[in-house]
Amino acid sequence: MTKNDIARNITGIEKEITRVIVSNYELDFTEDTIYDNLGKAESWSIGGEFTPETNGQYVYLLKAYNVPVQHVEYSNKEELEILGATGCEKEKEVLVAAETKLVVTWEPQDVDYEEMGYFVVELEYKRD
């Protein structure tokens, strides 16, 4: 069983999920384009505490709306081992399957970075 196998087991639709990305270079997010998740299932959060494990100059706060997700089942030890999420309950993690399409509806603004120290990117789930 893989992370994406788990992510495909949709347990709900969340009105808003978030993800933080840290990079050494500016990322290309353009309105009306599909967010590139590199063909992998991703971990997002529904208001939990999460600190990226990497350092970089550019921080992006991604917010996605109306997304079908799989809520991580913290009581399922096998699932937690596959995800590497043992002891991570405070993250309130949800999984988004690799094939989920998210469209950029708000691209990063320089003023956000200047005022807050990070970029905001908004995405919306696109039904096929």
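Which residues line the largest cavity? Keep that in mind while we walk through this predicted model, and we will select them along the way.

**Stop 1: the whole chain**

Start with everything shown as a cartoon. You should find 3 helices and 6 strands in the chain. Follow them from the N terminus and the order reads α-β-β-β-α-β-β-α-β. Now turn the model around: the C-alpha atoms fill a box of roughly 45 × 35 × 25 Å along the principal axes. The chain has a radius of gyration of 15 Å, which agrees with the value near 14 Å for a compact globule of 128 residues.

Switch on the surface next. The chain exposes about 7,800 Å², and carbon and sulfur atoms supply 46% of that area. Of the 128 residues, 38% count as buried. If you display contacts with a separation of 6 or more, 77% of them come from residues 24 or more positions apart.

**Stop 2: the cavity**

Here is the reply to our opening question. Select Y35, N37, E42, W44, V96, T100 and L102, which line the largest cavity. This space has a volume of about 30 Å³, and the structure holds 1 cavity of 30 Å³ or more. Colour the lining by class and you get 4 nonpolar residues, 2 polar and 1 charged.

**Stop 3: the pocket**

Keep E42 selected, then add R19, V20, I21 and S43. Of the 34 residues that line the largest pocket, these five are the closest to its centre. The pocket has a volume of about 1,000 Å³.

Now highlight two strands, β1 (12–23) and β2 (42–45): each supplies at least two residues of the pocket lining. Which of the elements gives the most to this lining? That is β1, with 5 residues. Colouring the pocket lining by class shows 16 nonpolar, 9 polar and 9 charged residues.

**Stop 4: F29**

Finish in the loop between β1 and β2, where F29 has its place. Is F29 buried or exposed? F29 is buried, because its relative accessible area is 9%, and the cut-off for buried is under 20%.

Show the side chains around F29. Leaving aside residues up to four places away in sequence, F29 touches Y35, Y60, L62, V104, E107, P108 and V121. You have met Y35 before, in the lining of the largest cavity.

For a last look, select I10 and draw a distance line to F29. These residues are 19 apart along the chain, and their C-alpha atoms are separated by 26 Å.

Note on methods. Residues numbered from 1 in each chain as written. Predicted model: local features only at pLDDT ≥ 70, side-chain atom pairs only at ≥ 80, totals over all residues. Heavy atoms only, no water. 1 Å grid on protein atoms, 1.4 Å probe; cavity = no way out; pocket = protein on both sides within 12 Å on 5 of 7 lines; lining within 4 Å. Points joined across faces, edges and corners; volume = space filled by probe spheres on them. Helix = DSSP H or I, 4+ residues; strand = E, 2+ residues; numbered from the N terminus. Nonpolar A, V, L, I, M, F, W, Y, C, P; charged D, E, K, R; others polar. Buried < 20%, exposed > 50% of the residue type's maximum accessible area, 1.4 Å probe, protein only. Contact = heavy atoms within 4.5 Å. Rg over C-alpha atoms; globule rule 2.2 N^0.38 Å. Areas by Shrake-Rupley, 256 points an atom, 1.4 Å probe, with all protein chains shown as cover.
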